[in-house]
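Work through these exercises with the model open beside you. Try each task before reading its solution.

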Amino acid sequence: MSGGAVLEASGIGVRFGGVRALHDVRIAVRPGEICGLIGPNGAGKTTLFDVLSGIRRPDRGRVRLAGSDVTLRPPAWRARHGMRRTFQRQQLFGQLTVADNLVVAQEGGRWRRGGAARSRERAAEVLAACGLAELAGAYPGTLPVGLGRMAELARALAEPPRVLLLDEPASGMTAAERGRLAGVVRRLAADEGCAVLLVEHDVGFVMDLCSRVVVLDLGQVLAEGDPARVRADPAVREAYLGAGTGPGTGGVETGGVGTGGVETGGVETGGVETGGVECAPPDIR
Ligand SMILES: Nc1ncnc2c1ncn2[C@@H]1O[C@H](COP(=O)(O)OP(=O)(O)OP(=O)(O)O)[C@@H](O)[C@H]1O
């Protein structure tokens with residue numbers, strides 16, 4: 001399929017009863033690449049992540065990790081072979097400190113008081129790289145949302161991943177935290193050759209960070225390419241604008257770092273009026 005891809009999926013189909021959540025989806029991510037996965041609500045992004053990470057078995061299609069067919073492999077097997085995923089909801093152990101969560105992640109999920117010295121050293125390094133050194137002794141439940149998400153990312157990096165799937169990593173983060181998150185992800189890809197695939201509702205953040213963007217709509221790949229190309233794609237604009245993006249419709253958030261303001265209500269951007277509340281289309285300029 002795609003030469004050099006470390007993670008690739010082809011012909012993926014998933015149905016939930018009468019709902020076709022994914023149809024003939026193909027996606028590939030190369031080492032060192034940061035790829036964004038976007039799409040309106042219900043497009044199939046989470047379902048695709050579940051298939052890639054092994055949480056859901058597809059009705060059709062194959063998933064390959066470093067060339068091996070892993071379609072029937074469970075999530076733990078994929079994790080042992082270098083695939084890590086973060087979730088929208090924090091997965092850290094609340095009764096362990098942030099540092100101990102990273103130690104446990106390196107020791108097969110088993111807790112031994114103190115852990116191995118090597119694991120503790122690595123945990124300290126990763127936390128420092130994520131700007132969390134001072135929070136090593138904190139308990140996850142005490143962290144504000146953005147720092148909790150960063151700690152979740154740190155846990156995923158406790159052992160160097162080959163493939164990293166990030167599920168809405170910037171959600172709830174301040175602008176400064178988003179900047180730090182982007183820096184960590186860039187370094188991971190550039191210095192360690194990790195392949196990163198991220199689902200994120202903040203389209204501006206995705207466009208700034210990713211070298212390639214895949215757009216899902218109604219369970220199919222609608223467009224794919226570099227951010228400029230995707231931004232300009234009429235089908236992408238139509239899919240977002242047609243989806244309704246305002247409060248109450250669970251629309252796409254905008255306004256990530258450096259995306260500038262969002263034009264609302266203008267003819268050019270196709271703003272939509274809903275019951276007196278002006279709904280802005282996502283910033284896909
Ligand atoms: N467990 C389920 N049972 C039935 N239908 C489901 C289930 N999970 C997802 N779906 C449906 O599959 C389609 C794709 O959903 P999915 O959650 O993957 O989309 P998404 O792009 O992640 O959406 P969002 O941006 O809102 O998180 C939707 O129509 C959704 O209603």
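The exercises go from the whole chain to its sheet, its ligand shell and single residues.

This is a predicted model: local features need pLDDT of at least 70, side-chain atom pairs count only at pLDDT 80 or more, and totals for chains, interfaces and linings use all residues. Residues are numbered from 1 along each chain as its sequence is written.

**Exercise 1. Describe the protein chain and its domains.**

Solution. Start with the elements. The protein chain has nine helices and 12 strands. Helices (H or I, at least four residues) and strands (E, at least two) are DSSP runs, numbered from the N terminus.

Next, burial. Of the 285 residues, 45% count as buried. A residue is buried if 20 or more other C-beta atoms lie within 10 Å of its own, exposed if 12 or fewer, and partly exposed in between; C-beta atoms are placed from the backbone.

Then contacts. Two residues are in contact if their C-beta atoms, placed from the backbone, lie within 7 Å. Among contacts in the protein chain with a separation of 6 or more, 67% are between residues 24 or more positions apart.

Now the domains. Domain 1 covers 7-82 + 162-279, and domain 2 covers 92-160. These bounds come from an automatic or database domain assignment. Across the boundary, 11 residues of domain 1 are in contact with 11 residues of domain 2. Helix α6 (residues 175-192) gives the largest share of the domain 1 side, six residues. That side has six nonpolar, two polar and three charged residues. Ala, Val, Leu, Ile, Met, Phe, Trp, Tyr, Cys and Pro count as nonpolar, Asp, Glu, Lys and Arg as charged, and the others, Gly among them, as polar.

**Exercise 2. Trace the open sheet of six strands, then place the helices that lie across it.**

Solution. Write down the order: β6-β7-β8-β3-β9-β10, with mixed pairing. Two strands pair if DSSP finds at least two bridges between them.

Find the edges. β6 (83-85) and β10 (220-225) each have a single partner strand, so one side of each lacks a neighbour in the sheet. From one strand to the next, the twist averages 15°.

Check two pairs. Strands β3 (residues 34-38) and β8 (residues 195-199) run parallel and are joined by four bridges. L37 has V199 as its bridge partner in β8. β9 and β10 pair in the antiparallel sense, over five bridges. Here V214 is partnered by E224 in β10.

Add the helices. α1 lies across β3, β6, β7 (163-167), β8 and β9 (212-217), at about 150° to β7. α6 lies across β3, β7 and β8, at about 150° to β8. Axes are lines fitted to C-alpha atoms, for helices over the stretch in contact, and angles run from 0 to 180 degrees between N-to-C directions.

**Exercise 3. Which residues surround the ligand, and how are the residues of α1 covered?**

Solution. List the shell: F16, V19, A21, G39, N41, G42, A43, G44, K45, T46 and T47. A residue is near a molecule or strand if its C-beta atom, placed from the backbone, lies within 6 Å of it.

Sort by class. The shell divides into four nonpolar, six polar and one charged.

Sort by element. β2 (19-29) and α1 (45-53) each supply at least two residues. α1 gives the largest share, three residues.

Turn to α1 itself. Eight of its nine residues are buried. They are K45, T47, L48, F49, D50, V51, L52 and S53. G54 follows α1, with a positive phi near 95°.

**Exercise 4. Where are D24 and E168, and is each buried or partly exposed?**

Solution. Recall the background: most residues other than glycine have a negative phi.

Take D24. Its phi is positive, near 50°. D24 is found in strand β2. D24 has 13 C-beta neighbours inside 10 Å, so it counts as partly exposed.

Take E168. Its phi is also positive, near 50°. E168 lies in the loop between β7 and α6. E168 is buried, because 20 other C-beta atoms lie within 10 Å.

Add L218. In the hairpin of β9 and β10, with two residues between the strands, L218 takes a positive phi near 50°.

**Exercise 5. Which residues does G146 touch, not counting those up to four places away in sequence?**

Solution. Locate G146 in helix α5 (residues 145-156). Its contacts are G172, M173, T174 and E177. G146 has 19 C-beta neighbours inside 10 Å, so it counts as partly exposed.
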